[in-house]
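Visitor: I should like to learn how to read salt bridges in a protein model. Would you kindly guide me through an example?

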Amino acid sequence: MAESPAASLEAGCLKVSSKSSPASVAGAIAGMIKDGRTVDIQSVGAGAVNQAVKAIAISRGFLAPCGIDIACVPSFADIVIDGEYRTAIRFSVEPRSHTA
């Protein structure tokens with residue numbers, strides 16, 4: 001399966017590759033957060049994780065004018081790609097609540 005320049009959305013999870021455009025992924029994250037949805041982002045490999053982290057940082061800038069801040073929780077996920085077991089990094093991105 002070829003990745004688009006942004007990311008593919010499968011089973012409610014954004015799949016980010018090393019070729020994904022961070023700005024495009026950030027737009028998808030911002031749109032989902034504005035819709036009140038938690039966003040799960042999955043990436044395999046250093047390049048893909050790099051693009052995902054950049055996208056999360058960029059999305060904060062997209063959401064700031066709306067008064068929305070986000071929090072990101074990283075975790076590991078064991079997945080199967082072409083019959084091989086791989087370890088992915090999964091980021092759960094959600095609106096951040098501020099407590100005084």
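Guide: The following conversation concerns salt bridges and the residues that form them. Please note that this is a predicted model.

Visitor: How many salt bridges does the structure hold?

Guide: A salt bridge is recognised when a side-chain nitrogen of Lys or Arg is within 4 Å of a carboxyl oxygen of Asp or Glu. The structure holds two such pairs. In one of them, Asp 69 meets Arg 60 with an N to O distance of 3.0 Å. In another, the side chain of Arg 96 meets that of Asp 69 at 3.5 Å, N to O.

Visitor: Which parts of the chain does the pair of Arg 96 and Asp 69 link?

Guide: This pair joins distant parts of the chain, its members being 27 residues apart. Arg 96 belongs to the segment after strand 5 (84–95), whereas Asp 69 lies in the loop between helix 2 (46–63) and strand 4 (70–81).

Visitor: What do the salt bridges form when they share partners?

Guide: They join Arg 60, Asp 69 and Arg 96 into one network.

Visitor: Is Asp 69 buried or exposed?

Guide: A residue counts as buried under 20% relative accessible area and as exposed over 50%, with partly exposed in between. Asp 69 has a relative accessible area of 14% and is therefore buried.

Visitor: How are Arg 60 and Arg 96 classed by relative accessibility?

Guide: Arg 60 is partly exposed, at 42% relative accessibility. Arg 96 is also partly exposed, with a value of 46%.

Visitor: What other kind of contact does the side chain of Asp 69 make with that of Arg 60?

Guide: The two side chains make a polar contact at 3.0 Å.

Methods. Residues are numbered from 1 along each chain as its sequence is written. This is a predicted model: local features need pLDDT of at least 70, side-chain atom pairs count only at pLDDT 80 or more; totals for chains, interfaces and linings use all residues. Side-chain values use heavy atoms; hydrogens and water are left out. Buried means under 20% relative accessible area, exposed over 50%, partly exposed in between (1.4 Å probe, protein chains only). Helices (H or I, at least four residues) and strands (E, at least two) are DSSP runs, numbered from the N terminus. A polar contact is a pair of N or O atoms within 3.5 Å; within protein, one must be able to donate a hydrogen and the other to accept it, and residues adjacent in sequence count only if both atoms are side-chain atoms.
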